[in-house]
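Biologist: I'd like a close look at one part of this protein: whatever empty space is closed off inside it. Please tell me what surrounds that part too, and keep it simple, since I'm a first-year student.

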Amino acid sequence: MFWQTWSFALGVTVPNLLLLVLGIVLKRVGIMDDHFCDKASRVVFNVALPCLLFFSVSTHTGSEEGMNLPLATYGGAATLVTFLLLELAAIKLVKDPRERGIFVQGGFRANTGIAGLAYASLAFGKEGVALGSMYIAITVILFNVLSVITLSRSLQRGAGKGLDVTAILRGIVTNPLIIGLVLGLLFKETHWAMPDTLYKTGEFISGMALPLAMLCAGASLDWRAMFRSSNVAGYATLARVLVVPGLMTLGGALLGFNGAALGVIFLFSCTPTAAGSYVMTRAMGGNATLAANIIALTTLGSFFTTALGLALLRGLHLV
């Protein structure tokens, strides 16, 4: 049982770590540079990730368990609460206003759609995937909308500008990731069959999103800046892999969730920061190096907290 707990965390976390390392190596040997990362990140942000989100939502077929409304509602509410708590914490912990949004995004934006689903599948099989389907749809939309809000606010204030609500709303409406999600949900409601040729093309485009994003994140890492005096990356990592999972799991247990449902809450909340946070930060003109450092640290840290947390929950007979 102990080895199974560590092996599934290892199986999901290590590939992401290896992609980050490969990005570092490719940058060192000159195959990737900042210009390439900038162009590739634009492709990921404007094409590949929206395509991935569209096809993930529009072609997903969950069972009736997947429409677990109380679980999905809790996931959305808890995500919003942790976002607000991190917004307050950012004022105290992060000195540079332009980095506050990156800290908040790094702390609350979990990789539920990829790592979380893999965790749930390995831990609870089809039941875990079914329970998590609606949870993912709600939280992924929230992650993208709230990320646009916090990054826009942070960058506007960092530039000495007043809060421009119109610009924030425009950023939400025109965000390619949100557009991909909304179009996917609308297409799913039509119940139209996806043509095989279109589906295969979409799979090809979607398949390059996360590997390319992680490679660019690895190439953008700055080890000297990772633990600067401000420790922004360290604070965000603690929030992502320890504080947020602890609060969300405790809240779920107090509200009566148990078994696979509580396990899904824990596993989804303790995943690393989503790779999309890097490409969104870079696309919006934020500190992409800091975002990449947060992804690297949370990818490493989540391996340990996921395995230890799941072992603890099983030891307490809560899952």
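Modeller: Let's begin with the vocabulary: helices (H or I, at least four residues) and strands (E, at least two) are DSSP runs, numbered from the N terminus. What you see is a predicted model, where local features need pLDDT of at least 70 and side-chain atom pairs count only at pLDDT 80 or more, while totals for chains, interfaces and linings use all residues. Residues are numbered from 1 along each chain as its sequence is written, and side-chain values use heavy atoms, with hydrogens and water left out.

First, the overall frame. The chain has 14 helices and zero strands, so if you read the elements from the N terminus on, you get α-α-α-α-α-α-α-α-α-α-α-α-α-α.

Now to your empty space. Rolling a probe the size of a water molecule over the atoms shows where empty space is left. In practice, we lay a 1 Å grid over the protein atoms alone, and a cavity is a set of points where a 1.4 Å probe fits but cannot get out. This structure holds one cavity of 30 Å³ or more. The largest cavity contains about 70 Å³ of space; for that volume, grid points are joined across faces, edges and corners, and we take the space filled by probe spheres set on the points.

Who sits around it? The lining has 13 residues, and T79, F108, A110, F143 and M248 are the ones nearest the centre of the largest cavity; a lining residue has an atom within 4 Å of a point. Helix 3 (69-93), helix 5 (112-158), helix 11 (232-254) and helix 12 (259-269) each supply at least two residues of that lining. Helix 5 gives the most, with four residues.

Let's follow helix 5, then. Residues 134-155 are 100% helix and 0% strand, with end C-alpha atoms 32 Å apart. That span is one of several that carry the UniProt annotation "transmembrane region", which comes from an unreviewed entry. Its positions are given in the numbering used here, feature names are shortened, and annotations may be inferred rather than shown by experiment. The annotation also covers residues 291-313, a span that is 100% helix and 0% strand too, with its end C-alpha atoms 31 Å apart.

S154 is also in helix 5. This serine counts as buried because its relative accessibility is 6%; buried means under 20% relative accessible area, exposed over 50%, and partly exposed in between, using a 1.4 Å probe and protein chains only. Leaving aside neighbours within four places in sequence, S154 is in contact with P97, R98, E99, R100 and G101, where contact means heavy atoms within 4.5 Å.

Away from the cavity, other parts are closed in as well. Helix 9 (residues 209-219) is largely enclosed by the rest of the structure, because nine of its eleven residues are buried. Among those nine are L212, M214 and C216. The sulfur of C216 is the nearest cysteine sulfur to that of C37, at 4.3 Å, and C37 is in no disulfide. A disulfide is a pair of cysteine sulfur atoms within 2.5 Å, and the structure holds zero of them. C37 is buried at a relative accessible area of 1%, and C51 is buried at 12%.

G276 is another one to click on. This glycine belongs to helix 13 (residues 276-283) and is buried at 6% relative accessible area. Not counting residues up to four places away in sequence, G276 touches L49 and R109. G276 and I295 are 19 residues apart in sequence, and their C-alpha atoms are 9.8 Å apart.

For contrast, try two histidines. H191 lies in the loop between helix 7 (176-190) and helix 8 (196-207), and is exposed at 69%. Its phi is near 60 degrees, a positive value in a residue other than glycine. H317 comes in the segment after helix 14 (288-315), is exposed at 72%, and has a positive phi of about 60 degrees too.

Stepping back, buried residues make up 52% of the 319 residues in the chain. Among contacts between residues at least 6 apart in sequence, 85% join residues at least 24 apart. The chain exposes about 14,600 Å², and carbon and sulfur atoms supply 68% of that; the areas come from the Shrake-Rupley method with a 1.4 Å probe, and for residues, only the protein chains shown count as cover.

Note on methods. On a 1 Å grid over the protein atoms alone, a cavity is a set of points where a 1.4 Å probe fits but cannot get out, and a pocket is an open set with protein on both sides within 12 Å along at least five of seven lines; lining residues have an atom within 4 Å of a point.
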